[in-house]
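This report asks the reader to follow the strands of a sheet, the helix that lies against them and the aromatic rings, one topic at a time. Please keep the sequence and the structure in view while reading.

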Amino acid sequence: MSDTAFVADLHLRWGDLDPLNHVNNVQFARLLEEARIRAMHAWFPDGEREFAMLVARQEIEYTAPLLYSLEPARVEVWVSRLGGSSFDFAYRLRSAEGELSALAESTSTVIDRETGRPIPIPAPVREVLEGRFGAEVEFRRRR
């Protein structure tokens, strides 16, 4: 785990399961979203987040089935790339037992609230994101 990673422990729901009794692949995106939102609230406490962003891209590599457990799954979140108006969140999703279930990355673009168009990442935002910077996601297919 990166020293800069935010860690979210997320409880699974019985309704997240598919007919094969593991967490449905669509639910992985929801778990990553919840972890991303929690990270942003931790990094930018309420009242300090005066910017808007949209998810522009998301990639998930499933590495092992995620089975239901009463113990929470764990998602590590960090920043793996900073561009002019966009940045990448990196993720590792692990089962309650610590088994890696997914690697993921999503690109968020900072936008102007009025126009919806991309704008440069504001300096104070960039400073916080730089403090959460870590390695690129080690997708297996890219090795």
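## A hairpin inside the sheet

In this predicted model, strands β3 and β4 form a hairpin, with three residues between them. The two strands pair in the antiparallel sense, and eight bridges join them. One of these contacts can be followed by residue, since L82 has F87 in β4 as its bridge partner.

How much of β3 is buried? Seven of the 10 residues of β3 are buried, so this strand is largely enclosed by the rest of the structure.

## The sheet as a whole

The hairpin belongs to an open sheet of five strands, which follow the order β1-β3-β4-β5-β2 with antiparallel pairing. Strands β1 (6-10) and β2 (52-62) stand at the edges, and because each has a single partner strand, one side of each is left without a neighbour in the sheet. From one strand to the next, the twist averages 25 degrees. As a general point, the strands of a sheet pair through backbone hydrogen bonds, and they may do so in a parallel or an antiparallel way.

The pairings on either side of the hairpin can be described in the same manner. β1 and β3 are antiparallel and pair over five bridges, and the bridge partner of D9 in β3 is R74. β4 pairs with strand β5 (residues 100-111), again in the antiparallel sense, over nine bridges, and here F89 has S106 in β5 as its bridge partner.

## The helix and the loop before it

Helix α1 lies across β1, β2, β3 (73-82), β4 and β5, and it runs at about 130 degrees to β1.

In the loop between β1 and α1 the reader will find N21, which has a positive phi of about 65 degrees although it is not a glycine. Is N21 buried or partly exposed? With a relative accessible area of 47%, N21 is partly exposed, because the value lies between the 20% limit for buried residues and the 50% limit for exposed ones.

## Aromatic rings

The structure holds six aromatic pairs. In one of them, W43 and F89 are stacked, with 6.3 Å from centre to centre and 15 degrees between the planes. This pair links distant parts of the chain, as W43 is in helix α1 (residues 25-43) and F89 is in strand β4 (residues 86-94), 46 residues apart. W43 counts as buried because its relative accessibility is 6%, and F89 counts as buried because its relative accessibility is 0%.

Another pair is formed by F44 and F51, which meet edge-to-face at 5.1 Å centre to centre, with 70 degrees between the planes; both of these residues are buried. W43 and F89 also belong to one aromatic cluster, together with F87 and Y91, so that F87, already met as the bridge partner of L82, appears here again.

## A buried serine in β5

Which residues does S101 touch, leaving aside those up to four places away in sequence? S101, whose place is in strand β5, touches ten residues by this count, namely F28, E61, Y62, T63, A64, P65, L66, L93, R94 and S95. S101 is buried, because its relative accessible area is 0%.

Note on methods: Residues numbered from 1 in each chain as written. Predicted model: local features only at pLDDT ≥ 70, side-chain atom pairs only at ≥ 80, totals over all residues. Heavy atoms only, no water. Phe/Tyr/Trp six-rings, centres within 6.5 Å; stacked < 30°, edge-to-face > 60°. Helix = DSSP H or I, 4+ residues; strand = E, 2+ residues; numbered from the N terminus. Buried < 20%, exposed > 50% of the residue type's maximum accessible area, 1.4 Å probe, protein only. Pairing = 2+ DSSP bridges. Axes fitted to C-alpha atoms, helices over the stretch in contact; angles between N-to-C directions. Contact = heavy atoms within 4.5 Å.
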